[in-house]
Amino acid sequence: MVLLVQGQNKMLKGARGVKYRFQGQNKMLKGARGVKYMPSQWCMLNPGAKDMSKLVDNINYACTWLDCTALGYDFSCNNLDANGNASYAFNMFR
């Protein structure tokens, strides 16, 4: 099930009354309860780092194991610079 940060159904946002078929039953999705959130934080690549020789390889490795679609052309994060791309990939991977 895909949820927004607030535990609300992402799939139902703006689609009132839509039912989803799951294991032969039509059911409405329900928001999660009792979710414990991690502290909000965002790590940023240090632009003053001395050795960036493996940066591209490390970004590619992280994006192999997670969804980096948002970094692609015409997606929500496609206008980030190299530091932003690295920060996004590493934060998604951690």
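Select Cys63 and Cys68 first: a disulfide joins the two, with an S to S distance of 2.0 Å. The model is a predicted one, and a search through the whole of it turns up one disulfide. Look along the bond between the sulfurs; the angle about it is -80°, which makes the link of Cys63 and Cys68 left-handed.

Now colour the pair by accessibility. Cys63 has 24% relative accessibility, so it counts as partly exposed. Cys68 has 14%, and because buried means under 20%, Cys68 falls in the buried class.

Next, select Cys77. Its sulfur takes part in no disulfide, and the nearest cysteine sulfur, which belongs to Cys68, lies 9.9 Å away. Is Cys77 buried or exposed? At 19% relative accessibility it counts as buried. Then go to Cys43, where the relative accessibility is 42%, so this residue is classed as partly exposed.

Keep Cys68 and Cys77 selected and add the rest of the largest nonpolar core, to which both belong. The other members are Leu45, Leu55, Ile59, Ala62, Leu66, Ala70, Leu71, Ala86, Tyr88 and Ala89, and the full set has 12 residues. Which elements give two or more residues to this core? They are helix H1, residues 55-65, and helix H2, residues 82-93. Show both helices as cartoon, with the core side chains as sticks.

From the core, pick Ala62 and display what surrounds it. Setting aside its neighbours within four places in sequence, Ala62 is in contact with Ala89, Phe90 and Phe93. Of these partners, Ala89 is listed in the core along with Ala62.

Now zoom out to the protein chain and colour it by secondary structure. Two helices and two strands are present. Followed along the sequence, they come in the order β-β-α-α.

Switch to a contact view. Taking contacts between residues at least 6 apart in sequence, 42% of them join residues at least 24 apart.

Finish with the surface. The protein chain has 94 residues, and 19% of them count as buried. The chain exposes about 8000 Å², of which carbon and sulfur atoms supply 55%. To close the tour, return to the disulfide and compare its two ends: Cys63 is partly exposed, whereas Cys68 is buried.

How values were computed:
Residues are numbered from 1 along each chain as its sequence is written. This is a predicted model: local features need pLDDT of at least 70, side-chain atom pairs count only at pLDDT 80 or more; totals for chains, interfaces and linings use all residues. Side-chain values use heavy atoms; hydrogens and water are left out. A nonpolar core is a set of buried Ala, Val, Leu, Ile, Met, Phe, Trp, Tyr and Cys residues joined through side-chain atoms within 4.5 Å. Buried means under 20% relative accessible area, exposed over 50%, partly exposed in between (1.4 Å probe, protein chains only). Helices (H or I, at least four residues) and strands (E, at least two) are DSSP runs, numbered from the N terminus. Contact means heavy atoms within 4.5 Å. A disulfide is a pair of cysteine sulfur atoms within 2.5 Å. Accessible areas come from the Shrake-Rupley method with a 1.4 Å probe; for residues, only the protein chains shown count as cover.
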